Each structure stands twice: as structure tokens, then as C-alpha cells.
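Q: Here is a model I would like to understand better before I go back to the bench. Could you take a close look at one part of it with me, and then show me what lies elsewhere in the chain?

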Amino acid sequence: MTRMLAGIAELLETPRNVLRETIIRSISATIVEAPTLRRHRLSNTEVTHQGYVLVRVLLDNGVTGIGEASTLGGPRWAEESVESISAAIVNYLAPVLRGGSAMAFEANAIRMGKAATRNFAAKGAIESALVDAVGKTLGLPASALLGGAVRQRVGVIWALASGDSGQELEEAREKLRRREHRDFKIKFGFDRPPNDLKRLETLRRGLGDDVRLIVDINQGWSEAECIRFIPALEELDVALVEQPVPALQLEAMARVAARTSIPLLIDEAAFTKEEIARSAAMGCGSVYSLKLVKSGGLFEMKRAAGVAAAHGLELYGGCLLESSIGAAAHLAAFSTMPKLEWGTEHFGPRILVDDLVTETLRFEEFEICIPEGPGLGVQLDEDKIRSFARKD
Ligand code: MUC
Ligand code: MG
């Protein structure tokens, strides 16, 4: 009887113990620059090395959680750079979280929101690391903490972005042969539109009609260029056109959307829930690209998905060339979403010469497998981090 009572008392104590054990002892930020297999070109930048900030959160129970903030070509794709992310974490975000419980996800997000506006990549990386640490403590996958997975695999898109159609054709054929990707996103906007169109025509002709082609212009065209050139994309059976005009030109984007039979994918035009609601209400597009760098946290990214869906937008699991660390965090959240009509583009782990984890994410039968281990389900490769960490 006494033993049973002691057992019950211990059970009742467990949540409080876990809460105590998950006190955040320290948060660190390491800038990492990982080489890519080839030059990856966008309308406004290009990368040969992917810039990440690796976040490590150490709890009182000795567990370390990891998270990753990704950037593209410095403060070009968005306003954050590896330097600003690292500074925001060390100077503003870590100080307000130290000494509190990692499990208090929403309270921690509120604290970070008060300490810094926007800085979404920095906040997203910290929250990912908190979720990883708590998941490892409890022996639960991150998806369980985010509501529970409704899928274990997601269809995965590959981006063709060297600008050399011969190389891109070879690359895409290899992906098809390996049964890793059959949907391709072609980056536009770094060349003149007629040259981009020639490239697209070569790819369509070379790959056939069965592959799905998406075009991402990364804000590179004016409304007039859209009017002139999007009909050619329709001819080539492009499935989606992503962010054709500058992010702030919502009215122009809505006019472009109204003229074309191809759905527009809203990317840089909407980061926050309010921006999603506004761009959807204005008719800027019919699909929304979800990214941690836009939402600033896994829980917030789920809310962003809810707002987008409530406004009739379909969902696309976006990326910023994350390694398996950042990809696993996104995938954990994507796995819990009732709908994810366009799958994901988390090809990042395969564009790196070397991934940052001991076991890279699996790509099989045109899908990416969501890791099932505790937390994010990936283990840091300390040797690779040492070799890719920026040496000041
Ligand atoms: C973007 O704009 O979507 C994702 C894939 C890629 O090639 O670029 C990124 C960012
Ligand atoms: Mg995009």
C-alpha cells in the first residue's frame, strides 16, 4: 500500500520533475558555411556555400537540443544574415530564455517576441532546438509535441538552378533515374526572360510531359514582363509560378494572378499570418509556401498554415536549402498538417557536399521520409561542424 502510494506520488511528481529538468542552462550559436555541390542561382543572389546558424540548447538534465537557421546568399533572400542571426540569438533571445523551462514553448515564443521584432530565422532555430531537447528528454518525436503526425513521408521537389540547361537536364534525369524526384522547380530571374524561357523549353522537351515543372521567379519580373511571358509558361504546362513580382507589389501580383490559368505561389510576399491573410484576400495567389524563416517558429508555422487554408490557399512545404537539421524541423511540422497539397521542396540535404548530421534524411520513391527518432530525429556530426564552422 505504502509502495503504491509512493508510486502515485512519484507519478504526480513526474511533470514537475520534467519541468525542472528541462530548465534551459545555455543557448549557443555557431555560424556554419557548408559547400554546395554546384552553384545555386536565384534572381537576386547565388550560393556556392550555404550559410547556417547552428543553435545548441543545453538543459539542466544534460540533454542538448539542436536547431538551424538558414540563409541564402547573406541578407538577400530575407533581411537576416548569419551574422545578424547569431547576434540576435546571443544578445537578445538567449538572455530572455535562460533559466526558464524549454517545455514552455508558447511562453518562450512570447518572450522572444518581446525581446526582438521579426528576426524569424533566429527565433525559429531556437524553438526547433527547444523542441528537439524536450523530445529527446521525453523520448518523443518532435511531431508528437506538435500535434502528432498524419503522414510519415512527403513528396519532394528538386530545384534546377545552375542556369545551364544541359547540366540541368542531366541533373533532373539522374534524379528521375534514382526515383528521388519527379517534380522540378526551375529558378528564373537571373537571366533575361527570353533566355529563361528557352531553358524551360529545353527542359520540358528533354524531360517529357510527365514531370511537373514549377517556376520560381524570386520577385525578378515586372508586371509587364509577367503579361508578356507567362502565356509561354502556360504553353509549356507549368504547374505553379512562384513569386513573379517584387514582394511588396501585392496589387500587381493580384492582377497577374487574375490573368493566368497557372496558380501563383505566394512566397516572399507574405511572412506573418496577417500578411498571409492580406495577400490571400487580395487574390495574390492560390498556394502559400510555408517556411520557418517566415514564421519564426514551428508552432507559428502551423498557425500560418491554418490561416492560409482558411483563406482557401493550398499549402506548399517551402525550404531555404536547410541541411537535414532544418529540414527535419520543417518536416516534423509538415507531418502534422491535415493538408499539404504540394508536398515539400526540402532537397537541401542533397545539395550539400556533406550534410551536417551523421545520418542524412532518406529520399525514396520520390518522397522524403520524416525521421521518427526522439526530437528532430537527427544527430549532429561534430567533425563536419568543426570543419564547416566559420573560423574568425
Ligand atoms: C525560394 O525562394 O523558394 C528554395 C528553393 C530554392 O531553390 O530557393 C529557395 C528559396
Ligand atoms: Mg521561392
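How many of the residues of helix α13 (residues 324–334) are buried?

A: Happy to take a look! Please keep in mind that this is a predicted model. Helix α13 spans residues 324–334, and 11 of its 11 residues are buried, which makes it a mostly covered helix. The buried residues are Ser324, Ile325, Gly326, Ala327, Ala328, Ala329, His330, Leu331, Ala332, Ala333 and Phe334. Because buried means under 20% relative accessible area, each residue of α13 falls below that cut-off.

Helix α12, residues 298–310, is another element to look at. Its buried residues are Leu298, Phe299, Glu300, Met301, Ala304, Ala305, Val307 and Ala308. A helix of 13 residues, at 1.5 Å a residue, should span 18 Å, and the end C-alpha atoms of α12 are indeed 18 Å apart, so the two values agree. Just after α12 comes Gly312, whose phi is positive, at about 85 degrees.

Positive phi also turns up in residues that are not glycine. Asn218 has a phi of about 45 degrees. Asn218 sits in the loop between β7 (212–216) and α8 (223–235), and with 2% relative accessibility Asn218 is buried. Phe366 is a further case, with a positive phi near 70 degrees. The loop that holds Phe366 runs between β12 (363–364) and β13 (367–369), and Phe366 is buried at 8% relative accessibility.

Now to the metal site. The magnesium ion (ligand 2) is coordinated by Asp216 (OD), Glu242 (OE) and Asp267 (OD), at 2.0 to 2.4 Å. Along the chain, these donors follow the spacing D-x25-E-x24-D. Glu242 and Asp267 are 25 residues apart and link distant parts of the chain: Glu242 is in strand β8 (residues 238–242), while Asp267 is in the loop between β9 (264–266) and α10 (273–282). Glu242 has a relative accessible area of 0%, so it counts as buried. Asp267 is likewise buried, at 0% relative accessibility.

Glu242 comes up again among the contacts of Val215. Val215 belongs to strand β7 and is buried, with 0% relative accessibility. Leaving out residues up to four places away in sequence, Val215 touches Ile186, Phe188, Leu200, Leu233, Val238, Leu240, Val241 and Glu242. Ser279, in contrast, has its C-alpha atom 20 Å from that of Val215, with their positions 64 residues apart in sequence.

A pair of helices is worth your time too. Helix α6 (residues 165–177) packs with helix α7 (residues 193–207) at an angle of about 35 degrees, and their axes are 10 Å apart. Their crossing is right-handed. On the α6 side, the contact is made by Ser165, Glu168, Leu169, Ala172, Arg173 and Leu176, and on the α7 side by Arg199, Thr202, Leu203, Gly206 and Leu207. Sorted by class, the contact has 5 nonpolar, 3 polar and 3 charged residues. Helix α6 also holds Glu171, which is buried with a relative accessible area of 12%. Apart from neighbours within four places in sequence, Glu171 is in contact with Arg38, Trp158, Ala159 and Leu160.

Finally, here are two residues from other parts of the chain. Thr48 lies in strand β2 (residues 46–59) and is partly exposed, with a relative accessible area of 41%. Not counting residues up to four places away in sequence, Thr48 touches Ala34, Pro35, Thr36 and Arg39. The C-alpha atoms of Thr48 and Leu37 are 7.7 Å apart, with 11 residues separating the two along the chain. Ala389 lies in the segment after α15 (382–388) and is buried, at a relative accessible area of 15%. Beyond residues up to four places away in sequence, Ala389 touches Thr30, Ile31 and Val32. Ala389 and Val53 are 336 residues apart along the chain, yet their C-alpha atoms are separated by 9.3 Å.

To come back to your question, α13 is mostly covered, with 11 of its 11 residues buried.

Technical notes:
Residues are numbered from 1 along each chain as its sequence is written. Chains are lettered from A and ligands numbered from 1 in the order in which they are written. This is a predicted model: local features need pLDDT of at least 70, side-chain atom pairs count only at pLDDT 80 or more; totals for chains, interfaces and linings use all residues. Side-chain values use heavy atoms; hydrogens and water are left out. Donors are N, O and S atoms within 2.8 Å of the metal (3.2 Å for Na, K and Ca); water is not among the atoms, so sites may look incomplete. Helices (H or I, at least four residues) and strands (E, at least two) are DSSP runs, numbered from the N terminus. Buried means under 20% relative accessible area, exposed over 50%, partly exposed in between (1.4 Å probe, protein chains only). The expected span of a helix is 1.5 Å times one less than its number of residues. Axes are lines fitted to C-alpha atoms, for helices over the stretch in contact, and angles run from 0 to 180 degrees between N-to-C directions. A crossing is left-handed if the near helix is turned anticlockwise from the far one by less than a right angle, and right-handed if clockwise. Contact means heavy atoms within 4.5 Å. Ala, Val, Leu, Ile, Met, Phe, Trp, Tyr, Cys and Pro count as nonpolar, Asp, Glu, Lys and Arg as charged, and the others, Gly among them, as polar.
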